[in-house]
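Got your viewer open? Let's take a short tour of this one, stop by stop, with something to select each time.

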Amino acid sequence: MWILQISDLHIDNFAQGDINPDEIRKLACAEACNIVPNTEPLALVFCGDAIYKGHSQNYPSVQLFLQNMIGAFSKKVELCLCPGNHDICSDESCHFEGFNRLAWNLIQDEECLFAFDKTVVTRTILDADFVLVNSAYHRDYTYGQVNINHLEYSLDMSKSPTKIIVVHHGLIPIDPSDKSTIANACDVLMLAVSHNVTAILQGHCHKQVLINVGKNLCSLVGVGSFLFPPGHNLNNQFNLVRFDNNKIAEAFGLRFIADLWKSGRSKGFEIKKMDII
Amino acid sequence: MIQIEAESLSKLAAKALEECKKGVVHNLVLSGDFSYNESESHFVMTYDGVASKWQDHRKPNELLINHGQYIHRHGDGLAFLVRELKKKKDSNRACISLIDMEDIINSHDDPIPSFMILQFGFAGEESKTLLTTAYFRALEVTCFLPINLAEISQVIRNLKIHFPEIERFRLVLHAFRAYAKQNFHCLRKASIDSAEPTMIAYAVSKKNLAQLKEWLDSKITIEESIICTDGLHHLRQAIDMQKTDYTQEILTHLDKVLNDMQRLRLTRQSTSHSKAIEELETNIKKELLRVKELLI
């Protein structure tokens with residue numbers, strides 16, 4: 001199974017850079033279609049921050065964006081979504097209704113809706129369990145936190161040998177000025193290792209990373225922003241990860257290179273095989 | 001006629017969508033026997049805030065119409081339900097009728113509720129099972145059905161306060177014509193249409209492109225069943241006044257949009273579902289996207 005990992009859409013109407021979001025989407029999908037064989041199953045995993053600063057009026061744009069992204073493939077593409085700190089909206093209660101309506105409109109599965117008392121949900125795709133974690137459930141946008149009881153319960157319930165955690169906030173601090181890493185990351189990692197989690201897919205840090213942790217080599221895979229504001233052409237990226245035998249078989253990071261694309265020297269995204277650290 | 005049964009309201013909505021994705025369904029009947037807790041499920045509560053706006057006694061500005069304004073226009077409709085069921089458990093009049101013949105005859109193509117009747121009763125002498133029946137003249141199932149189910153759940157929760165013995169509810173929902181529109185606006189005004197003309201003129205004069213694009217997006221990303229051109233008219237006027245700051249091409253495309261919207265309005269008067277409507281809707285979105293691209 002292949003996973004197209006994107007994060008941090010931050011969809012809003014900022015002044016555009018050299019390229020508009022729809023163009024980025026088309027280029028990314030064309031590149032993914034080239035890499036992923038048509039016979040292989042594909043899941044689109046979104047690691048949070050659909051909108052910017054809780055501007056919920058932009059959720060319809062996100063919906064259209066993701067619908068178009070899925071529609072670009074000539075096969076059925078399954079979708080997994082988890083919210084991020086920018087998806088905390090002031091015009092909702094503690095249950096992430098705005099994000100949930102997006103999830104419902106795209107997936108139509110009540111099991112994929114988050115609530116304050118349901119901060120971790122599981123979506124099974126083929127033989128893999130995607131454990132989707134809301135690390136912004138506490139509604140404090142300054143840092144991430146995971147409800148450990150909810151995560152433990154979901155991992156205990158998972159019978160699949162392939163367990164993939166999807167979470168927005170980072171588990172390991174990357175930037176010294178960024179204090180928003182998951183506050184109880186150690187507990188999350190310990191649970192992941194003890195439950196033989198195959199991979200943890202994360203967003204938020206706007207940084208590509210692939211690190212193996214624990215005795216069973218649980219892969220921590222971070223991805224940068226797909227549409228970073230304000231320019232939409234600053235470090236746009238996504239990952240393509242192939243899973244085989246409950247392990248990551250190969251992983252590619254794809255980055256949009258605006259200047260090369262503008263001068264016709266690149267098709268848009270440059271591909272680099274990710275080295276496992 | 002298509003009948004769908006399910007064990008939860010979310011599954012009912014998902015199955016209805018699956019069916020309507022194949023095409024318009026005439027006489028769609030959704031039914032199920034649910035525990036009271038289903039009226040407070042995560043799915044229902046996801047739409048509870050939106051449902052409250054639809055049930056509010058006063059229509060919120062962001063909606064073209066709401067159900068509350070019809071339910072309560074001759075007195076508190078929900079209070080009537082409680083009184084009627086308290087008085088007579090097997091009453092055949094414990095119903096909310098949102099519109100009457102006058103509304104329909106005089107409506108032309110103006111918006112009126114599709115949600116026409118919601119009726120309640122109890123099965124037998126005991127009040128453990130609440131019978132709940134709803135009739136819709138038309139029903140959009142992708143975006144509106146979840147809101148409607150949350151509205152019905154709100155009324156059920158209200159009745160539970162007065163009839164604490166309710167343990168279950170048996171829902172039958174009948175829609176004359178059910179259809180799926182992925183980005184249906186649910187009679188919510190696009191933000192450009194609820195914006196004050198002076199605010200539009202101000203944003204144009206200040207070249208607040210982010211705001212202008214957001215307003216255009218509010219028309220691009222949703223599918224409207226009621227054609228409203230107010231905001232785009234104000235935008236055209238304002239850009240016309242600031243010609244030096246904007247390319248003339250924007251006005252040309254906005255004129256095309258407004259012209260197509262007028263044609264769409266006329267087409268809609270004779271049919272609600274046709275190829276011509278789809279083509280006009282696609283053209284309008286294409287032109288609006290072009291306007292957005294030209295805002296630099």
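Start in chain B and select helix α1, residues 9-20, along with helix α7, residues 144-162. This is a predicted model, and here the two helices pack at an angle of about 150°, their axes 10 Å apart. Anything over 145 degrees counts as roughly antiparallel, so that is how α1(B) and α7(B) run relative to each other. Turn the view until one helix lies over the other: α1(B) passes α7(B) in a right-handed crossing.

Now show side chains where the helices touch. On the α1(B) side, pick B:Leu9, B:Ala13 and B:Ala16; they meet B:Leu145, B:Leu149 and B:Ser153 of α7(B). Colour this contact by class and you get 5 nonpolar residues, 1 polar and no charged ones.

Next stop: the second largest pocket, with a volume of about 1000 Å³. To find its centre, select A:Ser56, A:Gln57, A:Pro60, A:Arg101 and B:Arg188, the closest to that point of the 40 lining residues.

Which elements should you highlight around it, counting those that give two or more residues to the lining? From chain A, take α2 (59-71) and α3 (97-107); from chain B, take α3 (48-55), α8 (191-194) and α10 (209-220). Mind the two helices called α3, one in each chain: α3(A) is the one that supplies the largest share of the lining, 5 residues.

Last, colour the whole lining by class: 13 residues are nonpolar, 17 polar and 10 charged.

Technical notes. Residues numbered from 1 in each chain as written. Chains lettered and ligands numbered in written order. Predicted model: local features only at pLDDT ≥ 70, side-chain atom pairs only at ≥ 80, totals over all residues. Heavy atoms only, no water. Axes fitted to C-alpha atoms, helices over the stretch in contact; angles between N-to-C directions. Helix = DSSP H or I, 4+ residues; strand = E, 2+ residues; numbered from the N terminus. Parallel < 35°, antiparallel > 145°, perpendicular 65-115°, else oblique. Left-handed = near helix turned anticlockwise from the far one by under 90°. Contact = heavy atoms within 4.5 Å. Nonpolar A, V, L, I, M, F, W, Y, C, P; charged D, E, K, R; others polar. 1 Å grid on protein atoms, 1.4 Å probe; cavity = no way out; pocket = protein on both sides within 12 Å on 5 of 7 lines; lining within 4 Å. Points joined across faces, edges and corners; volume = space filled by probe spheres on them.
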